[in-house]
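Biologist: Please take a close look at one part of this model: the salt bridge with a buried partner. Then work outward from there to the other contacts and the sheets.

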Amino acid sequence: MVAFSLHLAQLYPYFNGRELLRVMLSPYGWGTGLRLVGLGILIWACEEGAAWGGGIGSVLVIGSFLPIGHALTSEYPVGTVALLSLHLAGSAFWLGGLWGVDRLLSREWTPQSAGVVQRFSDVATWAVPGLILAGVGMGGIHRGWDWDHPYGQYLWAKLLLVLMMVGLGAHNKFRLVPALQQGGQTVGRSLRRIVRLELVGLMLVLALTSFLVAQAPPSNGRHGMGAPLESGLQTSCEERLNWPEGSLHLRILPCRPGENQIRAEVKGVPAQELTLGFSLPEQGIPPLRRTVAPDGPGQFVVENVPLALAGEWQIEVRLLISDFEERRGQIAVSL
């Protein structure tokens, strides 16, 4: 529900009939709808609904992520989507299972509880390595293991954090779970503390992932950066915003998917600071904001803006002209 509220906030500029319909019929829109339907089925299944509801709801929620993001734009989209499915399913099992184990250990202890914990541990033995291998595979397809690239930095940080959590899980499986089978509240309390530590670690992994998916993978920008442009390809695109007292002229180079340079020239109004927000609603990419000071009177340059995917990008413009006043506008640019 939080994600849906954020999506609505991102779609607010398009609440004008035809444009809103176009966005909602895009992969971004129907992916969001599919996720809400799956969530509803899951809630119904948890509230004494049919047993099959959990499986169908899970498939719908996980499937809603597949058409949005970097997977379909990779060199091997079918393989990347398959790996992403495994990665999402394994992550959902790990997070949901740990939450369930924590709730189980907080209740009055019964012999059946040890069996439930043992079953979770057995499935996690192959599910967690599977999701890690799927993530490593996706990183390789996106050429994302370059430490000098922001995508690679987030990816390495995520992997190292997950490996630390795997170490905690191995301690649980080989030391605490066997001791739990023999009974003892002390072992249960120790296991619960480690499970809660793993849950905190998973929350940090999710936070890193939210930053990771906002970065353009190195594979998205390799096809054009640093190489001569082929003949016939667009080398730049230009747009203009007009206000009663002045204007802003925006130029995007090379105006192709990948990293771009943004040049802005402001005339007629004093310009102290320029903030640009780049979003691609039809692909589920939220605004990426850059704030720059002028290089000269009315001149602004923003380097290395990762406009990773083709489509109609929305550029939100905020021009600070005094400590208490700014000018705003929005520009649509097709890459």
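Modeller: A residue counts as buried when its relative accessible area is under 20%, as exposed when it is over 50%, and as partly exposed in between. D102 has 8% relative accessibility, so D102 is buried. Keep in mind that this is a predicted model.

Start with the contact itself. D102 and R192 form a salt bridge through their side chains, with 3.5 Å from N to O. The pair spans a long stretch of chain: D102 belongs to helix α5 (residues 77–105), R192 to helix α8 (residues 185–212), and 90 residues separate them. The cut-off for such a bridge is a side-chain nitrogen of Lys or Arg within 4 Å of a carboxyl oxygen of Asp or Glu, so the 3.5 Å contact qualifies. The two partners fall into separate classes of accessibility: D102 is buried, whereas R192 has a relative accessible area of 24% and is partly exposed. A third residue joins in. R196 is linked with D102 and R192 in a network of salt bridges.

How many salt bridges are there in the whole structure? The search finds eight. Two others deserve a look. R318 and E316 form one, with 2.8 Å between the closest N and O atoms. R318 is partly exposed, at a relative accessible area of 28%. R328 and E326 form another through their side chains, at 2.6 Å from N to O. E326 is partly exposed too, with 32% relative accessibility.

Now the rings. The count of aromatic pairs is four. One of them joins W145 and W156, whose centres are 5.0 Å apart and whose planes meet at 70 degrees, an edge-to-face arrangement. W145 sits in the loop between α6 (111–141) and α7 (150–181), and W156 sits in helix α7, so the pair ties together parts eleven residues apart in sequence. Both rings are partly exposed: W145 at 25% relative accessibility and W156 at 31%.

Y154 and F211 make a stacked aromatic pair, with 5.8 Å centre to centre and 10 degrees between the planes. This pair bridges distant parts of the chain, Y154 in helix α7 and F211 in helix α8, 57 residues apart. Helix α8 thus appears in two contacts, since R192 lies in helix α8 and F211 does as well. Y154 is partly exposed at a relative accessible area of 26%. F211 is partly exposed at 47%. There is also a charge over a ring: R35 lies over the face of F65, 3.8 Å from the ring centre.

Next, the sheets. One open sheet has four strands in the order β1-β2-β3-β6, paired antiparallel. Its edge strands are β1 (237–243) and β6 (299–307), and each of them pairs on one side only. From one strand to the next, the twist averages 20 degrees. β1 and strand β2 (residues 246–253) pair antiparallel over seven bridges. Within that pairing, R251 in β2 is the bridge partner of E238.

A covalent link belongs to this region. The structure holds one disulfide. It joins C237 to C255, with S to S at 2.0 Å. The link of C237 and C255 is right-handed, with 90 degrees about the S-S bond. C237 lies in strand β1 and C255 in the loop between β2 and β3 (258–267), so the disulfide ties together parts 18 residues apart in sequence. Both ends are buried: C237 has a relative accessible area of 10%, and C255 has 2% relative accessibility. C46 contrasts with them, being exposed at a relative accessible area of 65%.

The other open sheet also has four strands, in the order β5-β4-β7-β8, with antiparallel pairing. β5 (285–292) and β8 (325–334) stand at the edges with a single partner strand each, so one side of each has no neighbour in the sheet. The twist here averages 15 degrees from strand to strand. Strand β7 (residues 312–322) pairs with β8 in the antiparallel sense over ten bridges. One bridge partner in β8 is S334, which faces E312 in the pairing.

Terms used:
Residues are numbered from 1 along each chain as its sequence is written. This is a predicted model: local features need pLDDT of at least 70, side-chain atom pairs count only at pLDDT 80 or more; totals for chains, interfaces and linings use all residues. Side-chain values use heavy atoms; hydrogens and water are left out. Two strands pair if DSSP finds at least two bridges between them. Axes are lines fitted to C-alpha atoms, for helices over the stretch in contact, and angles run from 0 to 180 degrees between N-to-C directions. Buried means under 20% relative accessible area, exposed over 50%, partly exposed in between (1.4 Å probe, protein chains only). Rings of Phe, Tyr and Trp (its six-membered ring) pair if their centres lie within 6.5 Å; planes under 30 degrees apart count as stacked, over 60 as edge-to-face and the rest as tilted. A charge sits over a ring if NZ of Lys or CZ of Arg is within 6 Å of the ring centre and within 35 degrees of the ring normal. A disulfide is a pair of cysteine sulfur atoms within 2.5 Å.
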